[in-house]
Amino acid sequence: MGETEPGRRISPVKNFVAGGVAGACLLFAGHPLDTIKVRLQTQPKVSPTQYVLYTGTYDCFRKTVSKEGILGLYRGMGAPLAGVAPMMAISFFGFGLGKQLLQSDPNIPHTYAQIFMSGMLGGVFTTVIVAPGERIKCLLQVQSTSGQLKYAGPVDCAIRLYKEQGIRSVYKGTVLTLIRDVPSNGLYFLTYEYVKRLLTPEGESVHHLSTPKIILAGGTAGILNWVIALPPDVLKSNFQTAADGRYRGLMDVLKELIREEGARALYKGFTAVMLRAFPANAACFLGFEVALKGLNWLAPGW
Ligand SMILES: CC(=O)O[C@H](CC(=O)[O-])C[N+](C)(C)C
């Protein structure tokens, strides 16, 4: 994807379908490290005389696998499974739509500013499903850490949140999700297209890039996406899993986190996030490119 083939108009619908395939690839490659990330980000704070639950990424991985088996790493995957494929479908759709709206001539490549803005549009669209999906996922991922199994699964969690406190509770953390996803989505697609163009030899087409180069562009996009998404993600995970009334607002989460743990806390789970970001997003963009090629072959004039 990225740039449209000269003369071919962008099809947001094809982007949507191929984006769904990309989301499934992203999830299978990335969920185990996402579980570790959320557990590290939300583990209970301790005083200097107490032991921390997890000392780092490897420790969290080892303890999770020995206590819960490999499936423990896939805990809470029900909600993302139903959420990530549509989320990526919407993200790629919004990106494609933005590019379509900003492109007057399919023979002229987009500017980087247009690519960034189109990516941000995708981030706005996805928040509608990402905010509740993240709320449910984070609550399920941390509940076995806290030792209290309150929710039986994603559907039970969604129903209980809704019954107990209504739709506001299901959508708790929406503003932080927007702060996390709008700029990072822009940077995500911008990086992917930039690296792809950079890796395209003079006189060759960006559409015939080899698989290792697509992997490199996708993985790099994933890393840069998380460099700017991680601080709001830490705030979001803490806010969405906190007991009601614990924080008065977003600034309160930020202030309390920095007061208790210092500014470094904003990059909590960094290793797990970065270990996941490259393979998960490389798989995502590769899945997207393969699916889009298939769709263009099946329905060339569409
Ligand atoms: C913050 C986030 O969810 O990033 C997505 C990739 C990933 O590693 O999960 C990509 N996107 C920017 C499309 C939301």
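The following paragraphs describe the ligand shell, the nonpolar cores and the surroundings of Met 77 in a predicted model. Residues are numbered from 1 along each chain as its sequence is written, and side-chain values use heavy atoms, with hydrogens and water left out. Because the model is predicted, local features need pLDDT of at least 70 and side-chain atom pairs count only at pLDDT 80 or more, whereas totals for chains, interfaces and linings use all residues.

The residues around the ligand, taken as those with a heavy atom within 4 Å of it, are Leu 26, Met 88, Ser 91, Arg 180, Asp 181, Asn 185, Tyr 188, Asn 225, Trp 226, Arg 276 and Asn 281. They divide into four nonpolar, four polar and three charged residues, where Ala, Val, Leu, Ile, Met, Phe, Trp, Tyr, Cys and Pro count as nonpolar, Asp, Glu, Lys and Arg as charged, and the others, Gly among them, as polar. Polar contacts are pairs of N or O atoms within 3.5 Å. An oxygen atom of the ligand lies 2.7 Å from a side-chain N or O atom of Trp 226, an oxygen atom of the ligand is 2.7 Å from a side-chain N or O atom of Arg 276, and a nitrogen atom of the ligand is 3.3 Å from a side-chain N or O atom of Asn 185. Of the 370 Å² of accessible area that the ligand has on its own, the protein covers 97% (Shrake-Rupley method, 1.4 Å probe). Two or more residues of the shell come from each of helix 3, helix 7 (174–199), helix 8 (211–241) and helix 10 (270–298), helices being DSSP runs (H or I) of at least four residues numbered from the N terminus. Helix 7 gives the most, with four residues.

The largest nonpolar core, a set of buried Ala, Val, Leu, Ile, Met, Phe, Trp, Tyr and Cys residues joined through side-chain atoms within 4.5 Å, has 27 residues, and those with the most contacts inside it include Met 88, Tyr 188 and Phe 285. Helix 10 gives the most to this core, with seven residues. Leaving aside neighbours within four places in sequence, Met 88 is in contact (heavy atoms within 4.5 Å) with Gly 19, Gly 23, Leu 26, Tyr 188 and Cys 284. Apart from this core lies another, of 16 residues, among them Leu 176 and Ala 229.

Met 77, in the loop between helix 2 (57–68) and helix 3 (78–102), has a relative accessible area of 11% and is therefore buried (under 20%, with a 1.4 Å probe and protein chains only). Beyond its neighbours within four places in sequence, Met 77 is in contact with Leu 27, Phe 28 and His 31.

Methods: Buried < 20%, exposed > 50% of the residue type's maximum accessible area, 1.4 Å probe, protein only. Polar contact = N/O pair within 3.5 Å; in protein donor to acceptor, adjacent residues only side chain to side chain.
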